[in-house]
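Please work through the following exercises with the sequence and the coordinates at hand. Each one sets a task and is followed by a solution in steps.

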Amino acid sequence: MRKPFAAVVCAAALAGCAGPRDTASEPYRVAATIPVGGSGHWDYLNFDPAGHRLYMSHNKHVEVVDTETRRHIGAIEVAGFSKGVAIVHDLDRGFVTVGTSTLAPGPDAHEIDVFDLRSLRVLDRISTPADPDGITYDPASKRVIAFTGDTHLAVVIDPAREQIVKTVELPAAAGSSTSDGHGKLFITIAEKADVVVLDTTSFQITRRFPVGGCRMAVAVALNAETNRLFVACRNRTLAVIDVRSGATVAHVPIARHNDAAAYDPATHTLFVSTLDGTLSIVRAEPGDRYSVVESLQTPQGTRTLALDPGTHRVYLSSAAFAPLPLGAMRYPDPVDGTFGALVVEESHP
């Protein structure tokens, strides 16, 4: 995920500065922290409902956490900076996008590492075009799709053969993606403030529509029941789109510099995590009415999240940051040993 430098420095400089709050009236709370440890920066956070596992990008590892026991159970060691994870249970395999990061100098890796879900051992490496980033598994096509930044591609992989079978050129780099589970993949195009629809039968782009009132369309989530797509934009706006018409039907104010979103269909609640340490929580009501039920303050830098739809808990990657020298214009380093997962849940379920 790409982050404007000025916003990163500003947010990181405020780390740990949030004051005490009256939590009695807040509907959600940070209920626990699952310690992981280690060192270095992180990126995506993925949840596997079938295995009750969190897969947490963390420098040159993917940390694995059991959410039932709330324990760190192991790590997948990759050849570069880990990004996203896709799980294919039918094959007992996982797929990790591995690239490079200016925050973690290392080998110039551009690949997808294939690992065994039980042993967490890397079994194979698939070379990709430059800058692999996000990744997802599409159940309709039974394909893994990865997205590259610099080369603006959707890279389609047959997970059984562990081979790239097609590449699809995108208008620009993808921000995020979400599947309807029935052959449509919705992809935000960040710098264009557009959404493209990828047909996962033909792997052709079938539609492209602008996101009204949006600048930098990044995180995305879907309410398949109501055909509403939620696009989080970096001008502090959540745009709600009717996927049948492509029209933007509502706007909701959210916190700045979002990076991830998830929708819980059981509670009709959307969660958007941001670099500045605010978890925007939005409730959907009938008639295209949406309201911010809470702006939950979390530590600065908690920009990536994952939702457990079974327990309705949200997990966020987090760590403490070392202070920067006065006037320094760079991203601060996480404090060794402080990396972990925050557990967010309803205050009074």
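**Exercise 1.** Determine whether Asp194 counts as buried or exposed in this predicted model, and then describe the salt bridge that Arg208 forms with Asp194.

*Solution.* Step one is to compare the relative accessibility of Asp194, which is 10%, with the limit for buried residues, which is under 20%; Asp194 therefore counts as buried. Step two applies the same reading to Arg208, whose 45% relative accessibility makes this residue partly exposed. Step three turns to the distance: the closest N and O atoms of Arg208 and Asp194 are 2.8 Å apart, and since a salt bridge requires a nitrogen within 4 Å of a carboxyl oxygen, the pair qualifies. Step four places the partners, with Arg208 in strand S17 and Asp194 in strand S16, 14 residues apart.

**Exercise 2.** Describe the open sheet to which strands S16 and S17 belong, and identify the strands at its edges.

*Solution.* The sheet consists of 4 strands in the order S14-S15-S16-S17, with antiparallel pairing. Strand S14 (174-179) and strand S17 (204-210) each have a single partner strand, so they stand at the edges and one side of each lacks a neighbour in the sheet. Averaged over the sheet and with direction ignored, neighbouring strands are turned by 25 degrees against each other. Within the sheet, strand S15 (residues 184-189) and strand S16 (residues 194-199) pair over 6 bridges in the antiparallel sense, and Phe186 stands opposite Val197 in S16.

**Exercise 3.** Compare the accessibility of the partners in two further salt bridges, Lys83 with Asp133 and Asp242 with Arg244.

*Solution.* For the first pair, the closest N and O atoms of Lys83 and Asp133 are 3.9 Å apart. Lys83 lies in strand S6 (residues 81-88) and Asp133 in strand S10 (residues 132-138), so this salt bridge ties together parts that are 50 residues apart in sequence; both Lys83 and Asp133 are buried. For the second pair, the N to O distance between the side chains of Asp242 and Arg244 is 3.2 Å. Here Asp242, at 11% relative accessibility, counts as buried, whereas Arg244, at 57%, counts as exposed. Salt bridges with shared partners also join Asp43, Arg234, Asp259 and Arg303 into one network, and the count of salt bridges comes to 17.

**Exercise 4.** Classify the ring pairs Phe47 with Tyr315 and Phe230 with Tyr290.

*Solution.* A pair of aromatic rings is described by the distance of the centres and the angle of the planes. The structure holds 7 aromatic pairs. The rings of Phe47 and Tyr315 have centres 6.3 Å apart and planes at 15 degrees, so this pair is stacked; Phe47 lies in strand S2 and Tyr315 in strand S27 (residues 313-318), 268 residues apart, and both residues are buried. The rings of Phe230 and Tyr290 have centres 6.0 Å apart and planes at 80 degrees, so this second pair is edge-to-face. Phe230 is buried at 3% relative accessible area, and Tyr290 counts as buried at 17%.

**Exercise 5.** Locate the largest nonpolar core and state which strands supply at least two of its residues.

*Solution.* The largest nonpolar core has 18 residues, and among those that touch the most other members are Leu45, Leu54 and Tyr315. Strand S1 (28-35), strand S2 (45-48), strand S3 (53-58) and strand S28 (340-346) each supply at least two residues of this core. Beyond its neighbours within four places in sequence, Leu54 is in contact with residues including Leu45, Phe47, Val65, Tyr315 and Ala341.

Methods. Residues are numbered from 1 along each chain as its sequence is written. This is a predicted model: local features need pLDDT of at least 70, side-chain atom pairs count only at pLDDT 80 or more; totals for chains, interfaces and linings use all residues. Side-chain values use heavy atoms; hydrogens and water are left out. A nonpolar core is a set of buried Ala, Val, Leu, Ile, Met, Phe, Trp, Tyr and Cys residues joined through side-chain atoms within 4.5 Å. Buried means under 20% relative accessible area, exposed over 50%, partly exposed in between (1.4 Å probe, protein chains only). Contact means heavy atoms within 4.5 Å. Two strands pair if DSSP finds at least two bridges between them. Axes are lines fitted to C-alpha atoms, for helices over the stretch in contact, and angles run from 0 to 180 degrees between N-to-C directions. Rings of Phe, Tyr and Trp (its six-membered ring) pair if their centres lie within 6.5 Å; planes under 30 degrees apart count as stacked, over 60 as edge-to-face and the rest as tilted.
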